[in-house]
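Got the viewer open and a hand on the mouse? Let's walk through this one stop by stop, selecting as we go.

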Amino acid sequence: MPKSKRAKIVSLTKVAKKTREQKNALLKEVQENADKWQYCWLFEVGNMRNAHLKTVRRLWKDTARIFFGRGAVMAKALGTTPEEEYKPGMHKLAQQIKGQVGLFFTDSPPTEVLEWFADFQQPDFARTGNTASRTVILPAGPVMQQHSNPPEPFPHNEEPQLRKLGLRTRMDRGVPTLDVPHTVCEEGKALTPEQAQLLKLVGIKMVTFKVGLRARWDAASGEVVQIEGQEIAAEEAEGEQGDDAEEHMSE
């Protein structure tokens, strides 16, 4: 009988060594980019979605470098004290690396960066715990999918899922139908798992992925400039943790 893969023993010393090597490699990579680019921006993300962050990477791939995740590694790479800082002034940026934040290295003029990120906002589906931005009521009649344009009724094979999520539907000529209006959520209240899933099925987006720029380090002067007016609300800052910090850091 072949041995089960689950029974394979992994040496913790090998895992620890690999982790250290990865951290050291990422630390070095951050510092190499600090040497290469004129500006280093500290940013945070509202309603984090991996797909949208990858889009940002793709659109800036020739003119910038992004690191996201592993805040402790990023902070150590920049240096958190005047004595440890990698370059003059960087400790002021490193001391602000807390929570789900990233570094954005580029030579692009600050005005261009500010305008681009202010404009880049991507609607997405809310998740459990998000606050409903508006009240949503499904009218009596066929339950419609708003993904399509114009909206189309749900197929008959999805009625069990709709009922599981709280809709009191019946089949009318093969179409899931409501006899009375159904309130999916109420504005200002936290979404339950069922509400979030139903909103996604129906096709209603309630949150927006966006990047808030918090501070900028200038290689020429060593100065760190705080960016006002782009703060991300605490609720918006909660989201996906990423495809693993290693992937975010190394892309």
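Start by selecting glutamate 186, which is partly exposed, with a relative accessible area of 40%. This is a predicted model, so keep that in mind along the way. Now add lysine 189: the two form a salt bridge, with the closest N and O atoms 3.3 Å apart. Lysine 189 is partly exposed too, at 48% relative accessibility.

**More charged pairs**

How many salt bridges does the structure hold? There are seven. Side chains of opposite charge can pair when their charged atoms come close.

Next, pick aspartate 172 and arginine 173. They make a salt bridge whose closest N and O atoms are 3.8 Å apart. Is arginine 173 buried or exposed? At 81% relative accessibility, arginine 173 counts as exposed, while aspartate 172 is partly exposed at 30%.

Now jump to arginine 214 and glutamate 44. Their side chains meet in a salt bridge, 3.8 Å from N to O. Color the strands and you'll see what this pair does: arginine 214 sits in strand E12 and glutamate 44 in strand E1, so the salt bridge ties together parts that are 170 residues apart in sequence. Glutamate 44 is buried, with a relative accessible area of 13%.

While you're on charges, show lysine 205 and phenylalanine 125. The charged end of lysine 205 sits over the ring of phenylalanine 125, 5.4 Å from the ring's centre.

**On to the rings**

Switch to aromatic side chains. A search of the whole structure turns up nine aromatic pairs. Take tryptophan 60 and phenylalanine 104: their ring centres are 5.0 Å apart and their planes stand at 85°, so this is an edge-to-face pair. Where do these two come from? Tryptophan 60 is in the loop between H2 and E2, and phenylalanine 104 is in strand E3, so to speak a link between distant parts of the chain, 44 residues apart. Both tryptophan 60 and phenylalanine 104 are buried.

Then select tryptophan 116 and phenylalanine 117. With ring centres 4.9 Å apart and planes at 80°, this pair is edge-to-face as well. Phenylalanine 117 is buried, with a relative accessible area of 4%, whereas tryptophan 116 is partly exposed at 24%.

Want the whole group on screen? Select Trp60, Phe104, Trp116, Phe117, Phe120 and Phe209, which form one aromatic cluster.

**Into the core**

Nonpolar side chains tend to be buried together in soluble globular proteins. Here the largest nonpolar core has 23 residues, and the ones touching the most other members are Val30, Leu78, Leu93, Ile97, Leu103 and Phe105. Helices H1 (12-36), H3 (71-78) and H4 (90-94) each supply at least two residues of this core, as do strands E1 (39-46), E3 (101-106) and E12 (207-218). Which element gives the most? That's H3, with five residues.

Center the view on leucine 103 and show its contacts. Setting aside neighbours within four places in sequence, leucine 103 is in contact with Val30, Cys40, Trp41, Leu42, Phe43, Arg65, Ile66, Phe67, Met74, Leu78, Leu93 and Ile97. Apart from the largest core lies another one, of 20 residues, among them Ala132, Val184, Ile204 and Val207.

**H3 and its surroundings**

Zoom in on H3. Which of its residues are buried? Val73, Met74, Ala75, Ala77 and Leu78 are. Step just past the helix and you land on glycine 79, which follows H3 and has a positive phi near 95°.

Now back up to the other side of H3, to arginine 70, in the loop between strand E2 (64-68) and H3. Its phi is near 55°, a positive value in a residue other than glycine. Most residues other than glycine have a negative phi. Arginine 70 is partly exposed, with a relative accessible area of 24%.

**Last stop**

Finish at asparagine 47, in the loop between E1 and helix H2 (50-59). Asparagine 47 also has a positive phi, of about 55°, although it is not a glycine. Buried or exposed? Asparagine 47 counts as buried, at 4% relative accessibility.

How values were computed. Residues are numbered from 1 along each chain as its sequence is written. This is a predicted model: local features need pLDDT of at least 70, side-chain atom pairs count only at pLDDT 80 or more; totals for chains, interfaces and linings use all residues. Side-chain values use heavy atoms; hydrogens and water are left out. A nonpolar core is a set of buried Ala, Val, Leu, Ile, Met, Phe, Trp, Tyr and Cys residues joined through side-chain atoms within 4.5 Å. Buried means under 20% relative accessible area, exposed over 50%, partly exposed in between (1.4 Å probe, protein chains only). Helices (H or I, at least four residues) and strands (E, at least two) are DSSP runs, numbered from the N terminus. Contact means heavy atoms within 4.5 Å. A salt bridge is a side-chain nitrogen of Lys or Arg within 4 Å of a carboxyl oxygen of Asp or Glu. Rings of Phe, Tyr and Trp (its six-membered ring) pair if their centres lie within 6.5 Å; planes under 30 degrees apart count as stacked, over 60 as edge-to-face and the rest as tilted. A charge sits over a ring if NZ of Lys or CZ of Arg is within 6 Å of the ring centre and within 35 degrees of the ring normal.
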